[in-house]
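Visitor: I have a model open and want to learn to read it. Where do we start?
Guide: With the fold in view, one element at a time.

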Amino acid sequence: MSTRQERIWVGIDAGKGHHWAVALDAGGETLFSTKVINDEAQILTVIEAAGERADEVRWAVDISGRASTLLLALLIAHGQKVVYVPGRTVNRMSGAYKGEGKTDARDARVIADQARMRRDFAPLDTPPELVSTLQLLTNHRADLIADRVRLINRLRDLLVGICPALERAFDYSVAKGPVVMLTEYQTPAALRRIGVKRLTTWLERRKVRGATEVAAKAVEAAKTQMTALPGEKRAAKLVCDLAHQLLALDERIKDTDREIRETFRTDDRAEIIESMPGMGPILGAEFVAIVGDLSGYRDACRLASHAGLAPVARDSGRRTGNYHRPKRYNRRLRHIFYMSAQTAMMRPGPSRDYYLKKRSEGLLHTQALLSLARRRIDVLWAMLRDKRFFTSAPPVTQSA
């Protein structure tokens with residue numbers, strides 16, 4: 001019978017279908033190494049087996065996403081301590097161990113050993129229902145936006161093979177009217193036959209804004225080409241199909257945006273976040289989905305570091321004060337603060353004044369925006385900490 005340990009570390013290389021768990025004692029010796037199907041019964045069996053080996057079990061995983069949701073939920077529900085070991089760390093540290101092979105068991109052992117030796121990994125906890133819902137909705141919206149970009153690129157590619165002038169005439173990514181037109185009229189000959197007047201009437205029946213302008217530009221582009229290109233008929237049918245898909249996708253995105261707004265505004269912090277210029281419900285929802293309740297950040301500087309807005313030093317010897325842009329940060333979080341800063345900068349107020357000040361100091365547009373985004377992190381942090389709304393100037397106190 002094996003001796004009961006005081007503390008052991010269990011590293012789990014997580015996957016969709018199965019995980020691999022490796023347990024190490026305080027000396028780094030392997031206690032067990034086993035494959036675990038991503039199933040409640042098998043996960044509970046491993047938790048029980050680890051609990052029988054030691055008084056305290058510390059767990060480490062390399063994935064904190066959907067693949068490990070069941071695993072993390074069961075571990076936390078049973079009072080286990082779990083930390084997150086980034087995949088980049090596992091990848092780089094694997095080279096420090098003997099052998100060149102890569103297996104799930106090897107990766108799990110590296111995860112466990114890193115958790116045994118280091119104390120700076122972030123602990124994991126199950127997020128609140130609101131945060132989990134916003135994570136799902138914002139990720140789903142990002143997928144829909146990516147699908148929309150692909151559809152538009154395919155649509156434009158097909159239009160070039162039908163009528164290059166018609167493809168150049170409109171920005172199909174922002175204008176709905178031209179996409180509606182393409183559900184029925186895709187070729188120069190069809191547009192010339194219907195003419196501006198009848199096309200305008202057809203578009204107005206479908207409630208297209210600026211129908212006259214859309215019809216005029218489309219017919220004008222069609223008149224520049226009298227030649228029917230090879231494969232035009234088949235390409236026109238594909239354009240028609242893509243246009244219908246694009247319109248349906250726009251409706252799905254609109255419904256998702258509405259659901260995100262409604263869900264986000266049930267959060268107590270929503271009104272405070274939205275009071276800050278440039279932070280609408282979509283960016284606010286993405287912010288909450290990433291940072292949760294902000295308990296994982298000690299101060300605003302840590303949040304700025306996570307967003308990649310805090311420069312990192314690269315000093316060596318007599319070379320000091322050498323700061324560079326960080327390489328490891330959350331791209332989505334950086335995008336949130338960058339876009340909100342850009343929106344706020346376009347309107348009169350403190351954000352625009354600060355941006356113009358930085359430009360006058362010689363910074364480029366991007367540099368000034370990043371500097372503004374960093375400043376806005378401090379403001380947002382203070383607002384959420386003190387539970388107060390954004391004001392363009394400090395409140396004036398009346399003397400007695």
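Visitor: Which residues of α9 are buried?
Guide: First, a caution: this is a predicted model. Burial is read from relative accessible area, and under 20% counts as buried. In α9 the buried residues are Ala 211, Val 214, Ala 215, Ala 218, Val 219, Ala 221 and Ala 222. Look down the axis of α9: these buried residues fall within an arc of 160°, so they line one face of the helix.

Visitor: What is exposed on the other side of α9?
Guide: Charged names turn up there: Glu 213, Glu 220 and Lys 223 are exposed.

Visitor: What do the buried residues of α9 pack against?
Guide: Three helices: α6 (164–169), α7 (176–182) and α8 (188–205).

Visitor: What span should the 13 residues of α9 have?
Guide: Use the rise per residue. At 1.5 Å a residue, α9 (residues 211–223) should span 18 Å. Its end C-alpha atoms are 18 Å apart, which agrees.

Visitor: Now the sheet. How do strands pair in general?
Guide: Strands of a sheet pair through backbone hydrogen bonds, either parallel or antiparallel. Here, six strands form an open sheet with mixed pairing, in the order β3-β2-β1-β4-β5-β6.

Visitor: Which strands stand at the edges?
Guide: β3 (30–37) and β6 (122–123). Each has a single partner strand, so one side of each is left without a neighbour in the sheet.

Visitor: In which sense do β2 and β3 pair, and over how many bridges?
Guide: Strand β2 (residues 18–24) pairs with β3 in the antiparallel sense, over seven bridges. To find the register, take Trp 20: its bridge partner in β3 is Lys 35.

Visitor: Which strands does helix α1 lie across?
Guide: α1 (residues 40–53) lies across β1 (5–13), β2, β3 and β4 (54–61). Its direction is at about 170° to β3. Helix α4 (residues 104–117) lies across β1, β2, β3, β4 and β5 (81–84), at about 135° to β1.

Visitor: Which residues of α1 are buried?
Guide: Ile 43, Val 46, Ile 47 and Ala 50. Seen down the axis of α1, they fall within an arc of 100°, so they line one face of the helix. They pack against β1, β2, β3, β4 and α2. The face turned away from that buried side carries the exposed residues Glu 48 and Glu 52.

Visitor: What caps the N-terminal end of α1?
Guide: Look for a side-chain oxygen by a backbone nitrogen. Asp 39 is the cap, with a side-chain oxygen 3.1 Å from the backbone nitrogen of Ala 41.

Visitor: Does Arg 116 count as buried or exposed?
Guide: Check the accessibility, not the residue type. Arg 116, in helix α4, has 18% relative accessibility and therefore counts as buried.

Visitor: What does the side chain of Arg 116 make a polar contact with?
Guide: The side chain of Asp 113, at 2.7 Å. Leaving aside neighbours within four places in sequence, Arg 116 is also in contact with Trp 9, Asp 25, Ala 26, Gly 27 and Gly 28.

Visitor: And in a loop? Where does Ser 68 lie?
Guide: Ser 68 lies between β4 and α2 (69–77). Its relative accessible area is 0%, so Ser 68 is buried. Beyond its neighbours within four places in sequence, Ser 68 is in contact with Ala 14 and Ile 63.

Definitions and conventions:
Residues are numbered from 1 along each chain as its sequence is written. This is a predicted model: local features need pLDDT of at least 70, side-chain atom pairs count only at pLDDT 80 or more; totals for chains, interfaces and linings use all residues. Side-chain values use heavy atoms; hydrogens and water are left out. Two strands pair if DSSP finds at least two bridges between them. Helices (H or I, at least four residues) and strands (E, at least two) are DSSP runs, numbered from the N terminus. Contact means heavy atoms within 4.5 Å. Axes are lines fitted to C-alpha atoms, for helices over the stretch in contact, and angles run from 0 to 180 degrees between N-to-C directions. The expected span of a helix is 1.5 Å times one less than its number of residues. Buried means under 20% relative accessible area, exposed over 50%, partly exposed in between (1.4 Å probe, protein chains only). The arc is that of the directions from the helix axis to the C-beta atoms. A polar contact is a pair of N or O atoms within 3.5 Å; within protein, one must be able to donate a hydrogen and the other to accept it, and residues adjacent in sequence count only if both atoms are side-chain atoms.
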